[in-house]
Amino acid sequence: MSIRGITAGSNVTSAAASDVTFLQSGTGAVSRTVQAKERDIVSVFDFMTTAQIADVQARTLLVDVSAAINLALAASKSVYLPDGSYLLTAATVALTLQGQKLIGSGRTACILSQSTAATKAISIATGLQNVEISGFTLTRTTTATAGGDGIGCETVSIGQAKIRD
């Protein structure tokens, strides 16, 4: 690891991630900034408040996190959902980009729970290909009514998509 502008043996108390380099082990690996490395995978927690993260981790399903998930999906093609239970109330989680991935930590470790009867939990925009949703369980806390699909993909031809646990 190296830090731009710091000499060997210096006592460093903090450094910007854009100034610290990282080199993956293995032949042919190239040096990148820690900032670039950390941006390889976006966690939905990067877009949540402390209260939202605590609710997800405690699995209490008291705080809606659908807007935070949508902000993460708007920012990245690949979004990771760490262990926990995620309450979806206010909005449908929307996959809107070609090749987009929403990947949970595991089918029993990551639960998305839609709490409204007439709202889709997840929608996949028209015409998308190579979309992947995996690693979570999708549930609903009430009986679905008209429009309350689990996964909505109207006028979408699903091809080269992965929906798996």
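Helices and strands here are DSSP runs, numbered from the N terminus. The model is predicted.

**Stop 1: the loop between β6 and β7**

Select Ala90. This residue sits in the loop that links β6 and β7. Is Ala90 buried or exposed? Its relative accessibility is 64%, so Ala90 counts as exposed. Show its surroundings, leaving out neighbours within four places in sequence: Ala90 is in contact with Asp64 and Ser66. Now add Thr119. The two residues are 29 apart along the chain, and their C-alpha atoms are separated by 8.6 Å.

**Stop 2: helix α3**

Move to residues 66-75, helix α3. Colour its buried residues: Ser66, Ala68, Ile69, Asn70, Ala72 and Leu73. Ser66 you have already met as a contact of Ala90. Next, show what covers these buried positions. The cover includes helix α2 (50-58) and the strands β4 (42-43), β5 (78-81), β6 (84-88), β7 (93-95) and β8 (101-104).

Stay on α3 and pick Asn70. Why does Asn70 count as buried? Its relative accessibility is 18%, and the cut-off for buried is under 20%. Beyond residues up to four places away in sequence, Asn70 touches Ala91, Thr92, Val93 and Ala94.

**Stop 3: the nonpolar core**

Select the largest nonpolar core, which has 27 residues. Begin with the members that have the most contacts inside it: Val44, Met48, Ile69, Leu81, Tyr86 and Leu102. Which elements give two or more residues to this core? They are α2, α3, β5, β6, β7, β9 and β10 (122-124). Helix α3 supplies the largest share, four residues.

Centre on Leu102. With neighbours within four places in sequence set aside, Leu102 is in contact with Ile69, Leu73, Val79, Leu81, Val93 and Leu95. Its contacts also include Glu132, Ile133, Ser134 and Phe136. Two of the residues just listed, Ile69 and Leu73, are buried residues of α3.

**Stop 4: the three-stranded sheet**

Switch to cartoon view. Find the open sheet of three strands, in the order β6-β9-β12, with parallel pairing. Strands β6 and β12 (137-140) stand at the edges; each has a single partner strand, so one side of each lacks a neighbour in the sheet. From one strand to the next, the twist averages 25°.

Zoom in on β9 (residues 110-114) and β12. These strands run parallel and are joined by four bridges. Finish on Leu112, which stands opposite Leu138 in β12.

Terms used. Residues numbered from 1 in each chain as written. Predicted model: local features only at pLDDT ≥ 70, side-chain atom pairs only at ≥ 80, totals over all residues. Heavy atoms only, no water. Buried < 20%, exposed > 50% of the residue type's maximum accessible area, 1.4 Å probe, protein only. Contact = heavy atoms within 4.5 Å. Pairing = 2+ DSSP bridges. Axes fitted to C-alpha atoms, helices over the stretch in contact; angles between N-to-C directions. Core = buried A, V, L, I, M, F, W, Y, C linked by side-chain atoms within 4.5 Å.
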